[in-house]
Amino acid sequence: MTIEQQFFNEFRLMYRPFTNQLNKQLEQYQLYSSQWAVLRFLIDKGPHSLVEIANFMSIEKPSVTRLVQKLVELGYVETVAGKDKREKVVQLTPFGENIVQEVQEHLKPFLEKALAGVSKQDTEIASRVLANISKNIHQ
């Protein structure tokens with residue numbers, strides 16, 4: 001196995017179990033990891049259109065529409081008219097902002113456990129490596 005194959009195999013072996021455990025952590029908030037990703041995007045980047053969210057997450061707009069609809073039902077986000085009346089902009093509600101803070105605190109021990117034995121420097125390097133790979137894939 002080449003080093004490249006080994007790298008992506010390790011990533012695959014880590015990704016699915018991580019997502020499954022993350023979903024268990026999010027259950028009490030009636031969220032899945034994909035919905036959590038939308039909330040994190042909105043807290044980090046502010047209000048965005050459905051198309052912008054879809055592009056960021058590399059998924060189709062109808063999938064984002066379904067994710068956002070569930071978040072609207074939960075009261076975590078709301079949609080408002082954008083500059084163009086046909087464009088919907090998604091933003092966190094005040095309740096949603098509070099939920100994001102609560103979930104972040106709830107996830108802290110889970111994430112720390114997942115990174116146990118990994119130095120801060122290695123975590124920063126891994127983050128940069130994954131960001132570079134993502135950039136390469138999206139070119």
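Helices, as the term is used here for elements such as α3 and α4, are DSSP runs of H or I with at least four residues, and strands are runs of E with at least two, both numbered from the N terminus. In the predicted model described here, the chain has six helices and three strands under this assignment, and from the N terminus on these elements follow one another in the order α-α-β-α-α-β-β-α-α. The C-alpha trace of the chain spans about 50 × 35 × 25 Å along its principal axes, and 28% of the 139 residues count as buried. The UniProt record, an unreviewed entry, lists residues 4–135 as "domain: HTH marR-type". Within the model, this span is 71% helix and 9% strand, and the C-alpha atoms at its two ends lie 16 Å apart.

The three strands form an open sheet in the order β1-β3-β2, with antiparallel pairing. In this arrangement β1 and β2 stand at the edges and have a single partner strand each, so that one side of each is left without a neighbour in the sheet. The pairing of β1 (residues 48–49) with β3 (residues 88–92) is antiparallel and extends over two bridges; Ser49 has Val89 of β3 as its bridge partner. The pairing of β2 (residues 77–81) with β3 is likewise antiparallel and extends over five bridges, and here the bridge partner of Thr79 is Val90 of β3. Strands β2 and β3 also form a hairpin, in which six residues lie between the two strands.

Two loop residues were noted for their backbone geometry. Gln30, which is found in the loop between α1 and α2, has a positive phi of about 60 degrees although it is not a glycine. With a relative accessibility of 49%, Gln30 counts as partly exposed, because that class covers values from 20% to 50%. Ser58, in turn, lies in the loop between α3 and α4 (61–73), and its phi is near 55 degrees, again a positive value in a residue other than glycine. The relative accessible area of Ser58 is 44%, and this residue is therefore also placed in the partly exposed class.

The largest pocket of the model has a volume of about 2,200 Å³. Its lining comprises 43 residues, of which Phe11, Met14, Tyr15, Phe18 and Leu130 are the closest to the centre of the pocket. The elements that give two or more residues to this lining are α1 (3–26), α2 (33–45), α3 (50–57), α5 (94–114) and α6 (120–137). The largest share of the lining, 10 residues, comes from α1. When the lining of the largest pocket is divided by residue class, 24 residues are nonpolar, 10 are polar and nine are charged.

Aromatic contacts were examined as well. A pair of aromatic rings is described by the distance of the centres and the angle of the planes. With centres required to lie within 6.5 Å, the count comes to five aromatic pairs. For Phe7 and Phe8, the ring centres are 5.1 Å apart and the planes stand at 85 degrees, so this pair is edge-to-face, given that plane angles over 60 degrees are assigned to that class. Both partners of this contact fall into the partly exposed class, since the relative accessible area is 34% for Phe7 and 42% for Phe8, and the term buried is kept for values under 20%.

Notes: Residues numbered from 1 in each chain as written. Predicted model: local features only at pLDDT ≥ 70, side-chain atom pairs only at ≥ 80, totals over all residues. Heavy atoms only, no water. UniProt positions renumbered as here; feature names shortened; annotations may be inferred. 1 Å grid on protein atoms, 1.4 Å probe; cavity = no way out; pocket = protein on both sides within 12 Å on 5 of 7 lines; lining within 4 Å. Points joined across faces, edges and corners; volume = space filled by probe spheres on them. Nonpolar A, V, L, I, M, F, W, Y, C, P; charged D, E, K, R; others polar. Pairing = 2+ DSSP bridges. Phe/Tyr/Trp six-rings, centres within 6.5 Å; stacked < 30°, edge-to-face > 60°. Buried < 20%, exposed > 50% of the residue type's maximum accessible area, 1.4 Å probe, protein only.
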